[in-house]
Amino acid sequence: MSVFTESGVDYLTREGTLRMRVGSGSLPSSELGLDANGARSFEPIVPIEAVAIAPDGSFHIDLVRSSAVHSDRTLRE
């Protein structure tokens, strides 16, 4: 899964894919470089793809030009 620290965003931009797991089995926000309740936005230099995996399926989006990742600790309770 992608990490949203400065170096993590740099890596996923170079690799070209943002990967995220939602729901049970997902990592805590602190392990992903996010605050417990907050958001991180970024705009890669070139478009990337985004892949989200959830308990009921997954989706894939091409040509992502900007992204905002929101974390909310209360959603896991």
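This dialogue goes through the fold, the sheet and the core of a predicted model.

User: Where do I start with a chain like this? What helices and strands does the protein chain have?

Analyst: Start with the inventory, then the order. The protein chain has one helix and five strands. Along the sequence they follow the pattern α-β-β-β-β-β.

User: Which strands form the open sheet, and in what order?

Analyst: Order in a sheet is read from pairing. Here three strands make up an open sheet, in the order β1-β3-β4, with mixed pairing. β1 (17-21) and β4 (57-64) are the edge strands, each pairing on one side only. On average, neighbouring strands of this sheet are turned by 15° against each other, direction ignored.

User: In what sense do β1 and β3 pair, and over how many bridges?

Analyst: The sense is parallel, and the pairing runs over five bridges. To find the register in the viewer, take Leu 18, which stands opposite Ala 50 in β3.

User: Where does α1 pack?

Analyst: α1 packs on the sheet and touches β1 and β3. The direction of α1 makes about 120° with that of β1.

User: How do I read the nonpolar core? Which residues make up the largest one?

Analyst: The general idea is that in soluble globular proteins nonpolar side chains tend to be buried together. In this model the largest nonpolar core has 11 residues: Phe 4, Val 9, Leu 12, Leu 18, Leu 32, Leu 34, Phe 42, Ile 48, Ala 50, Val 64 and Val 69. Both α1 (6-15) and β3 (48-54) supply at least two residues of this core. The pair Leu 18 and Ala 50, which stand opposite each other, both belong to the core.

User: Take one core residue. What is Leu 32 in contact with, leaving aside its neighbours within four places in sequence?

Analyst: With those neighbours set aside, Leu 32 is in contact with Ser 2, Val 3, Phe 4, Thr 5 and Leu 27. Of these partners, Phe 4 is also listed in the core.

User: What share of the contacts joins residues 24 or more positions apart?

Analyst: Such pairs account for 62% of the contacts in the protein chain with a separation of 6 or more.

User: How does the radius of gyration of the protein chain relate to that of a compact globule?

Analyst: A compact globule of 77 residues would have a radius of gyration near 11 Å; the protein chain has 12 Å, which agrees. The C-alpha trace spans about 35 × 25 × 15 Å along its principal axes.

User: What fraction of the residues is buried, and how much of the accessible surface belongs to carbon and sulfur atoms?

Analyst: Of the 77 residues, 27% count as buried. The accessible surface comes to about 5400 Å², and 52% of it belongs to carbon and sulfur atoms.

Conventions
Residues numbered from 1 in each chain as written. Predicted model: local features only at pLDDT ≥ 70, side-chain atom pairs only at ≥ 80, totals over all residues. Heavy atoms only, no water. Core = buried A, V, L, I, M, F, W, Y, C linked by side-chain atoms within 4.5 Å. Buried < 20%, exposed > 50% of the residue type's maximum accessible area, 1.4 Å probe, protein only. Helix = DSSP H or I, 4+ residues; strand = E, 2+ residues; numbered from the N terminus. Contact = heavy atoms within 4.5 Å. Pairing = 2+ DSSP bridges. Axes fitted to C-alpha atoms, helices over the stretch in contact; angles between N-to-C directions. Rg over C-alpha atoms; globule rule 2.2 N^0.38 Å. Areas by Shrake-Rupley, 256 points an atom, 1.4 Å probe, with all protein chains shown as cover.
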